[in-house]
Amino acid sequence: MAERGTSRRPEHLSAVPDPDPDPGDLLRAVAGGDEKAFARLYDLVAPRVYGLIRRVLRDPAQSEEVAQEVLVEVWRSAARFDPARGSATSWICTIAHRRAVDRVRSEQAASERLTYVGRAQVDVPYDAVADEVSGRLERQQVRRCLHDLTDLQREAVTLAYYQGHTYPQVAELLGAPLPTVKTRMRDGLIRLRDCLGAGAVA
Amino acid sequence: MNTADVHTLLGPYVLDAVDDIERAAFDRHLRECDACRADVSELREASARLADGAWSVPPPALRDNVLAAIGSVRQIAPISPAPAPAPATAPARSSRRLRLVSAAAAVVVAAAGAATAAYTLQDHRVRVEQARAEAAQAAESRVRALLASPDLVVKEEPVTGGGRVTVATSKLHDAGVIMLAADAAPSDGRVFQLWTIRSAVPIPEGTLAPGQTAAVQIVEGMGQASDVGVSVEPPGGSKTPTTPLAADVKL
């Protein structure tokens, strides 16, 4: 591992990187113990993983810690990735989201964060989603697609996904009945899928 | 929860907006419902795209830390004989990753630091044992979460007759993992049994099979325990230890 300290930086900062490798191919190589492939996968997915965790947890130090857990977990369990069940990016995001949500819930009991952040989020669900969004096309696409949802669908989906709330918490925050919230989450995701053409996205 | 009820959890499940019990119920439901699995896969692709909207450059130290960390984390093998892609990756894995010890064992061993040599012979047995444990995915991910917790405290004591018992506890999770790696099984067909001592009362936490020398056991509510003990008992275990403890880890 000694050689890494010198070799990886230039590699990472290379001005003319290889064409973006496919995360699924990298993940398969990682499952075989390929540390170089893991480093490339890291560069490809870390901003998404860290950004997602940070969005859910808010606290940068905790986010960094959980992001490390998640990325090490990706290394550890790469063999579990099954391309037949979805893309590598989605597999990694699922792990990241689950970990972030677990962490946020383990802390929620004793904190006021739930209601404080929750209310703020209900007031500005769209802006909160958009605040870190900048030029990249795919992010614009997500924003546009979120905008296509009904207000209740968008709020139900974003309160759960970005804030880590359970559906009963979302129901309480929105003052909506439980069955309605469950349906809105599902319909919101379906609409999002159709808008993103998610089935075709690798 | 009946099937119709469970199915309404599709949206919340994909968004991780369910509690652990509901998630387990939905996981069961998924095993019986091919169409639902396809739905989940598709909607997961959509929900994962929401992460695009949160894209944020991580601190540079994260890359160094992660790449340094993987050096000491051993990878797991696929749960079942993998489909098509497996043959391509298998040879690479077999060379370097031959000694695939479960991550639980690896992390505990790494955290314990000492007595590495003593574990080398145990690795195989621990691996066999852990392979069984890995079939129970819930338990496995629980161990993973526990061992990854930032407040993990690891204690270790020798076992009478050779070997060690290692206890990793997390206040945050109010839970712990007991890992027993004895050099030899008790004689006369007797077995090891694990205990926690809570308010001076021994609570059984699992009994090993005859001949079994290694085990990884999750214990909930570890906050109330003052000790973890190991005793030698008749097959099937006892309600309370019938012999002096072969190991006693003070928490």
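**Confidence, interface and salt bridges in a predicted two-chain model**

In chain A, pLDDT stays under 50 over residues 198-202, a stretch for which the model has 8 contacts beyond four places in sequence. The structure is a predicted model, and another part of chain A calls for the same kind of care. Over residues 112-136 of chain A, pLDDT again stays under 50, and here the model has 48 contacts beyond four places in sequence. Where pLDDT is low, the predicted coordinates should not be read in detail. Chain A as a whole has a mean pLDDT of 79, with 72% of its residues at 70 or more.

Next comes the interface. On the chain A side, 74 residues are in contact with 62 residues of chain B. The two chains, A and B, bury about 6,600 Å² between them, and 59% of that area is on carbon and sulfur atoms. Within chain A, the residues that lose the most area to chain B are A:Arg76, A:Arg80 and A:Leu189, which together make up 12% of what that side buries.

One of these, A:Arg80, sits in the loop between helix 4 and helix 5 (88-108) of chain A. With a relative accessible area of 17%, A:Arg80 falls under the 20% cut-off and therefore counts as buried. A:Arg80 also has a partner in space that is far off in sequence: A:Ala31 is 49 residues away along the chain, yet the two C-alpha atoms are 8.3 Å apart.

As for polar pairing across the interface, 24 residue pairs of chains A and B are in polar contact, counting pairs with both residues at pLDDT 80 or more. Helix 3 of chain A supplies the largest share of the side of chain A that touches chain B, at 12 residues. Sorted by class, that side of chain A has 34 nonpolar, 14 polar and 26 charged residues. Salt bridges turn up across the interface too, 3 of them between chain A and chain B.

Side chains of opposite charge can pair when their charged atoms come close. Over all chains, the count comes to 21 salt bridges. One that crosses between chains joins B:Arg63 to A:Asp43, with N and O 2.7 Å apart. Here B:Arg63 belongs to helix 5 (residues 60-70) of chain B, while A:Asp43 belongs to helix 3 of chain A. The two partners differ in how much of them can be reached: B:Arg63 is buried, at 4% relative accessibility, whereas A:Asp43 is partly exposed, at 29%.

Inside chain A, A:Arg103 forms a salt bridge with A:Glu69, the closest N and O atoms being 3.4 Å apart. This pair links distant parts of the chain, since A:Arg103 lies in helix 5 and A:Glu69 in helix 4 of chain A, 34 residues apart. Both A:Arg103 and A:Glu69 are buried. The pair also belongs to something wider: A:Glu65, A:Glu69, A:Glu73, A:Arg76, A:Arg99 and A:Arg103 are linked in a network of salt bridges. A:Arg76, a member of that network, is also among the residues of chain A that lose the most area to chain B.

Chain B has a salt bridge of its own between B:Lys250 and B:Asp227, at 3.2 Å from N to O. Because B:Lys250 is in strand 8 (residues 247-250) and B:Asp227 in strand 7 (residues 225-233) of chain B, the pair ties together parts that are 23 residues apart in sequence. B:Lys250 is exposed, with a relative accessible area of 54%, but B:Asp227 is buried, at 9%.

Finally, a couple of backbone angles deserve a look. Most residues other than glycine have a negative phi. A:Arg58 goes the other way, with a positive phi near 75 degrees. A:Arg58 is found in the loop between helix 3 (35-57) and helix 4 (60-76) of chain A, and at 40% relative accessibility it is partly exposed. In chain B, B:Ser199 also has a positive phi, of about 50 degrees, although it is not a glycine. B:Ser199 is in the loop between strand 4 (191-198) and strand 5 (201-207) of chain B. Its relative accessibility is 67%, so B:Ser199 counts as exposed.

Methods
Residues are numbered from 1 along each chain as its sequence is written. Chains are lettered from A and ligands numbered from 1 in the order in which they are written. Side-chain values use heavy atoms; hydrogens and water are left out. Helices (H or I, at least four residues) and strands (E, at least two) are DSSP runs, numbered from the N terminus. Buried means under 20% relative accessible area, exposed over 50%, partly exposed in between (1.4 Å probe, protein chains only). Contact means heavy atoms within 4.5 Å. Buried area is the accessible area (1.4 Å probe) that two parts lose on being put together, summed over both. A salt bridge is a side-chain nitrogen of Lys or Arg within 4 Å of a carboxyl oxygen of Asp or Glu. A polar contact is a pair of N or O atoms within 3.5 Å; within protein, one must be able to donate a hydrogen and the other to accept it, and residues adjacent in sequence count only if both atoms are side-chain atoms. Ala, Val, Leu, Ile, Met, Phe, Trp, Tyr, Cys and Pro count as nonpolar, Asp, Glu, Lys and Arg as charged, and the others, Gly among them, as polar. pLDDT is the predictor's confidence in each residue, from 0 to 100.
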